[in-house]
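I opened the model to look up its sheet, its helix packing and its ligand shell. My entries follow in the order I made them.

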Amino acid sequence: MVFKKIRSLVGRLFSENMQMKIILQLSNFFWGLRKYFLSVVIDYPEDFRINWKNIKNQSSQDKERNFTVYQLVKLHNKIFEGMHTNIIEFGTDRGATLTTISKFIKKDSQIFSVDSFGFHAKEIKENISKFDEHYQGSYRPFTKQTRFKDFDHVQMTKNLNEILSKKNSNLETIVGYFPNLNKECMAKISNLKFSFVHLDYDLYQSTLDSFNFVKERLEKNAIILFDDFNFINQEGVKKAVKDLKIDLDKGFQTQSGQLILFN
Ligand SMILES: C[S@@+](CC[C@H](N)C(=O)[O-])C[C@H]1O[C@@H](n2cnc3c(N)ncnc32)[C@H](O)[C@@H]1O
C-alpha cells in the first residue's frame, strides 16, 4: 500500500519520457538477474531484438512485455495461417506495440488502432474513475502538450502501411474517445470478427467499454491480451476484468503483469 503511493508519486514527479527511461533500466537490471538467480537466459530472436531497439524510445512497455506481444503475434499467425483476419489495438500511444504487431503480423491482415492520440484528453480525464487512483487529478500522459507533443499519428500510419502493404495488409488508425467514436468509424469495426485484440487503455472505464465491445466479435481461438493487468498504479484494469466477470482460470498471467485470454 505504501509502495503503491510511492510509485504513484514517482510517476507524477517525473516526465513520461524520464519515467520510461527509469523503468526500462530497472526492468533490464531486474530481468537480467534471472540468469544469476534462476539460471534462465532467454535467447531473444534477432528480428525481435532489432525491432525492440527501434521502438524502445517511444514505448510505454518494457522489453519483456513487448516480447509477449511479439510471441502472441507469432502464435496468432500459426493459428490463423492462410486466413484473412482482423486485429484491433485499443490504446496505441506513439505506436510501440502497434509497430511490433505490424512488423510481425502474417499477410492478409487488417489492423485497427483506436486512440485519442491526445485529441480527446478532456474526455479521458472526465472518465477517470475512482478505481484509477493514480490518474485522478492528473491527465498529463494523454495530452497533446505532453505525451503526444511532436507526434503525428498520420505519419506513423503511413510508415507502418509501407511495411504492411508488402504483406497485402493494412492499418487504419481511428482517432477518438472510445466508445464515442463517430458513426462511420464505429460502423467500420462493428461488423467484423477479430482474431487478435490488444487492450492497452490503462483505465477502468476504457477497459470495460473496449472489452464489452469486442467480446461478441471474436473469432474462435482469438487471442486477447490485456496490458497492465497486475500493475499497481493501473489498478482500474484489474477491477474492470473483475467486473467483466472474466474467468481467470481460462487465462494466463505473465510474470510481467499482462493477462492473456483465448476465445
Ligand atoms: C498506455 S498507452 C498505450 C501504450 C501503447 N500500446 C504502447 O505501445 O506504447 C494508453 C493509451 O490509451 C489511450 N486511451 C485511454 N482511454 C482511451 C479511450 N477511452 N479512447 C481512446 N483512447 C484512450 C490514451 O490516449 C493512451 O495513448
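**Sheet**

I began with strand 2 (109–115) and strand 3 (170–175), which pair in the parallel sense over 6 bridges. Two strands count as paired if DSSP finds at least two bridges between them. Helices (H or I, at least four residues) and strands (E, at least two) are DSSP runs, numbered from the N terminus.

Two notes on provenance. Residues are numbered from 1 along each chain as its sequence is written. The model is predicted: local features need pLDDT of at least 70, side-chain atom pairs count only at pLDDT 80 or more, and totals for chains, interfaces and linings use all residues.

I looked up one bridge: glutamine 110 has asparagine 170 in strand 3 as its partner.

Then I traced the sheet. It is open, has 7 strands in the order 3-2-1-4-5-7-6, and its pairing is mixed. Strand 3 and strand 6 (251–253) are at the edges with a single partner strand each, so one side of each has no neighbour in the sheet. On average, neighbouring strands are turned by 15 degrees against each other, direction ignored. Axes here are lines fitted to C-alpha atoms, for helices over the stretch in contact; angles run from 0 to 180 degrees between N-to-C directions.

**Helices on the sheet**

Helix 5 (residues 63–79) packs on the sheet and touches strand 4 (194–199), strand 5 (218–226) and strand 7 (259–262). Its direction makes about 175 degrees with that of strand 5. Contact means that C-beta atoms, placed from the backbone, lie within 7 Å.

Helix 6 (96–104) lies across strand 1 (85–90), strand 2, strand 3 and strand 4. It runs at about 165 degrees to strand 1.

**Helix against helix**

How do helix 6 and helix 8 (residues 153–165) pack? I found an angle of about 20 degrees, with the axes 8 Å apart. The two are therefore roughly parallel. Angles under 35 degrees count as roughly parallel, over 145 as roughly antiparallel, 65 to 115 as roughly perpendicular and the rest as oblique. Their crossing is left-handed: the near helix is turned anticlockwise from the far one by less than a right angle, while clockwise would be right-handed. Helix 6 brings Leu98, Thr99, Ser102 and Lys103 to the contact, and helix 8 brings Leu160, Ile163 and Leu164. By class, these residues are 4 nonpolar, 2 polar and 1 charged. Nonpolar covers Ala, Val, Leu, Ile, Met, Phe, Trp, Tyr, Cys and Pro; charged covers Asp, Glu, Lys and Arg; the others, Gly among them, are polar.

I repeated this for helix 5 and helix 6. Their angle is about 30 degrees and their axes are 9 Å apart. This pair is therefore roughly parallel too. The crossing is right-handed. Asn66, Val69, Tyr70, Val73 and Lys74 of helix 5 meet Thr97, Thr100, Ile101 and Phe104 of helix 6. The classes are 5 nonpolar, 3 polar and 1 charged.

**Ligand shell**

I counted 20 residues around the ligand. A residue is included if its C-beta atom, placed from the backbone, lies within 6 Å of the molecule. Gly91, Asp93, Ala96, Thr97 and Ser206 are the closest. Helix 6 and strand 2 each supply at least two shell residues. The shell divides into 8 nonpolar, 8 polar and 4 charged.

**Backbone oddities**

Phenylalanine 178 and proline 179 are joined by a cis peptide bond, with omega about 10 degrees. I placed proline 179 in the loop between strand 3 and helix 9 (183–190). Aspartate 108 is not a glycine, yet its phi is positive, about 60 degrees. I found aspartate 108 in the loop between helix 6 and strand 2.

Note on methods
Contact = placed C-beta atoms within 7 Å.
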